[in-house]
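Work through the exercises below with the coordinates open beside the text, and try each task before reading its solution.

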Amino acid sequence: MPGKYKAVLPPANGSVPSLGYALFATRWLQAPLYFGLVAAQALYVWEFFGELRSLMHGVVTGASDENVVMLGVLKLVDVVMIANLLIMVIVGGYETFVSRIGLQGHRDQPEWLSHVNSNVLKVKLAMAIVGISSIHLLQMFVNIHHTPLQELQWGTIIHMAFIVSACLLAYMAGPMEAKAVLLEQQSRIPAQEHHDPADSSAQTASSDRPE
């Protein structure tokens, strides 16, 4: 039939590669690691509201000037970006390495989760780390009068190293993603393109019959 694809059938003798399935099942050992990251994210939620409470107390009492408020806001942004990094690792890593979550069609499904794989996850993590490093570097610049010059230089060098690493990962992920798409397209070749000689001869014989 047109559009019909070959199905992967089990072995004819009914045997299954039990050792391979056992090794594949060990992926569930990673599940507690992701739930541990969920606990770490809860700690960051606690840290966020602690910083927010301190910032509000300083503003209400008048003990915080503009620079202190800006540094406090940057700390809150830093906590949020780290929390975003955690949720990306938790959801994307679980979806990629443990089991499908099955959010297709859900209204709250993240846009990046629909095409996530190990390469995409690496690039997104690298970009998230660059964003976090930018916040830390901005905190140094805001408080530049109280930041040692050597610390500022090393912060800038490390930040540039993160940027270069993220660019290299994005550059390498492009050809790898294109190759993965090509392999997926080749795996979807219709079964009709692989004709059986017996079927072809039968079709030829039927077409030669007189009407």
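Two residues are in contact when heavy atoms of theirs lie within 4.5 Å. The model used throughout is a predicted one.

**Exercise 1. The chain as a whole**

Determine how many helices and strands the chain has, and what share of its contacts joins residues at least 24 apart in sequence.

*Solution.* Begin with the secondary structure: the chain holds six helices and zero strands, and reading from the N terminus the elements follow the order α-α-α-α-α-α. Next, take the contacts between residues at least 6 apart in sequence, of which 73% join residues at least 24 apart. Finally, turn to the surface: of the 211 residues, 23% are buried, while the chain exposes about 15,500 Å², with carbon and sulfur atoms supplying 66% of that area.

**Exercise 2. A glutamine in a helix**

Decide whether Q41 is buried or exposed, and find which residues it is in contact with beyond its neighbours within four places in sequence.

*Solution.* First locate Q41, which sits in helix α2, spanning residues 31-61. Its relative accessible area is 18%, and because buried means under 20%, Q41 counts as buried. Once neighbours within four places in sequence are set aside, the contacts of Q41 are A83, L86, I87 and I90. For A83 there is a further detail, in that a polar atom of the Q41 side chain lies 3.4 Å from the backbone oxygen of A83.

**Exercise 3. An isoleucine in a loop**

Establish where I101 is found, and which residues it is in contact with when neighbours within four places in sequence are left aside.

*Solution.* I101 belongs to the loop between α3 (66-97) and α4 (118-142). With a relative accessible area of 35%, I101 is partly exposed, because that class lies between the limits of 20% and 50%. Leaving aside neighbours within four places in sequence, I101 is in contact with V91, Y94 and E95. As for V91, it is 10 residues from I101 along the chain, and the C-alpha atoms of the two are separated by 8.4 Å.

**Exercise 4. A nonpolar surface patch**

Identify which residues make the nonpolar surface patch, and which helix gives the most to it.

*Solution.* The patch, of about 470 Å², is made by I129, W154, I157, I158 and F162. Helix α5, covering residues 149-187, gives the most to this patch, with four residues. One of the patch residues, F162, is found in helix α5, and its relative accessibility of 34% places F162 among partly exposed residues.

Key: Residues numbered from 1 in each chain as written. Predicted model: local features only at pLDDT ≥ 70, side-chain atom pairs only at ≥ 80, totals over all residues. Heavy atoms only, no water. Patch = residues over 30% accessible without salt bridge, like charges linked within 9 Å, V, L, I, M, F, W, Y side chains within 5 Å. Areas by Shrake-Rupley, 256 points an atom, 1.4 Å probe, with all protein chains shown as cover. Salt bridge = Lys/Arg side-chain N within 4 Å of Asp/Glu carboxyl O. Helix = DSSP H or I, 4+ residues; strand = E, 2+ residues; numbered from the N terminus. Buried < 20%, exposed > 50% of the residue type's maximum accessible area, 1.4 Å probe, protein only. Polar contact = N/O pair within 3.5 Å; in protein donor to acceptor, adjacent residues only side chain to side chain.
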